Amino acid sequence: MKKQHPKHEQTLVVLKPDGIQRSLIGEIIKRFEQLGLKLTAVKMLVPTADFVKKHYTLDPEWPLKTGQKTIKAYHDRGLKHPVSDDPLKVSEVILQKLIRYMTSGPVVAMVWQGAHAVEMVRKLVGGTEPRTSDVGTIRGDYVLDSYAMSDIDGRSIRNLIHASGSVTEADMEIPLWFKQEEIVEYKLVQEAILYDVNLDGLLE
Ligand code: GDP
Ligand code: MG
């Protein structure tokens with residue numbers, strides 16, 4: 001049975017090939033650790049094209065949502081999307097570029113657990129486009145890519161990291177990347193403070 005308390009929530013994080021090549025593995029892990037989340041699974045691998053496609057199409061709504069988001073980003077700048085007005089056509093092109101990007105080198109996949117893990121990780125990760133993602137976020141602080149530049153160069157936008165967008169997405173993505181036995185259930189000492197109800201027993 002799934003545990004209901006918010007502290008049991010899990011999310012999938014994947015450090016993309018550019019994140020590894022920029023030597024940001026430690027820096028990114030540090031942010032999630034410092035927040036209070038618990039690392040419960042981690043591995044390095046080079047994903048296949050089929051696997052990347054499966055990952056991005058687990059959510060049947062992803063193609064529509066992603067196409068709409070991208071078209072809107074262009075509209076917000078008073079521009080028309082260079083490929084199409086049809087969100088599904090736009091996302092098909094995005095997916096092909098994503099496959100090239102994600103299979104170009106090793107990635108590091110992780111499961112992070114803790115209160116509101118999905119939302120908290122997305123907050124630290126920032127918006128999809130580094131050009132507009134907030135200062136203080138991983139995508140805002142460590143990389144400078146844009147839709148405009150990636151479109152000129154015919155490639156995926158490089159934003160260092162993937163993080164599940166919702167609890168539903170996390171619940172589909174985690175079993176794709178990890179077998180149940182690869183996810184370790186353990187107590188982290190700091191949880192005694194983060195989730196303790198009374199904070200009694202601190203004083204001698
Ligand atoms: P995320 O949840 O913020 O990672 O964004 P999405 O799930 O919408 O898209 C997945 C990934 O596809 C992004 O992280 C980008 O690497 C890439 N991507 C998304 N939209 C675009 C786009 O409009 N153009 C390009 N070139 N890449 C995109
Ligand atoms: Mg996403």
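The legends below describe close-up views of ligand 1 and its surroundings in a predicted model.

**View 1. Residues around ligand 1.** The shell around ligand 1 holds 18 residues, a residue being near if one of its heavy atoms lies within 4 Å, and Lys16, Thr70, Arg122, Thr128 and Asn159 come nearest. By class, this shell has seven nonpolar, six polar and five charged residues, where Asp, Glu, Lys and Arg count as charged and Gly is among the polar ones.

**View 2. Polar contacts and cover of ligand 1.** In polar contacts (pairs of N or O atoms within 3.5 Å), oxygen atoms of ligand 1 lie 2.9 Å from a polar side-chain atom of arginine 122, 2.9 Å from an N or O atom in the side chain of arginine 139, and 2.8 Å from one in the side chain of asparagine 159. The protein covers 96% of the 550 Å² of accessible area that ligand 1 has on its own, by the Shrake-Rupley method with a 1.4 Å probe.

**View 3. Helices and domains in the shell.** Helix H4 (62-76), helix H5 (87-102) and helix H8 (147-152), which are DSSP runs (H or I, at least four residues) numbered from the N terminus, each supply at least two residues of the shell around ligand 1, and H4 gives the most, with four. Domain 1 (1-46 + 107-195) and domain 2 (50-104) each contribute at least three residues to this shell, with bounds from an automatic or database domain assignment.

**Notes to all views.** Residues are numbered from 1 along each chain as its sequence is written, while chains are lettered from A and ligands numbered from 1 in the order in which they are written. Local features need pLDDT of at least 70, side-chain atom pairs count only at pLDDT 80 or more, and totals for chains, interfaces and linings use all residues, with side-chain values based on heavy atoms and with hydrogens and water left out.

Methods:
A polar contact is a pair of N or O atoms within 3.5 Å; within protein, one must be able to donate a hydrogen and the other to accept it, and residues adjacent in sequence count only if both atoms are side-chain atoms.
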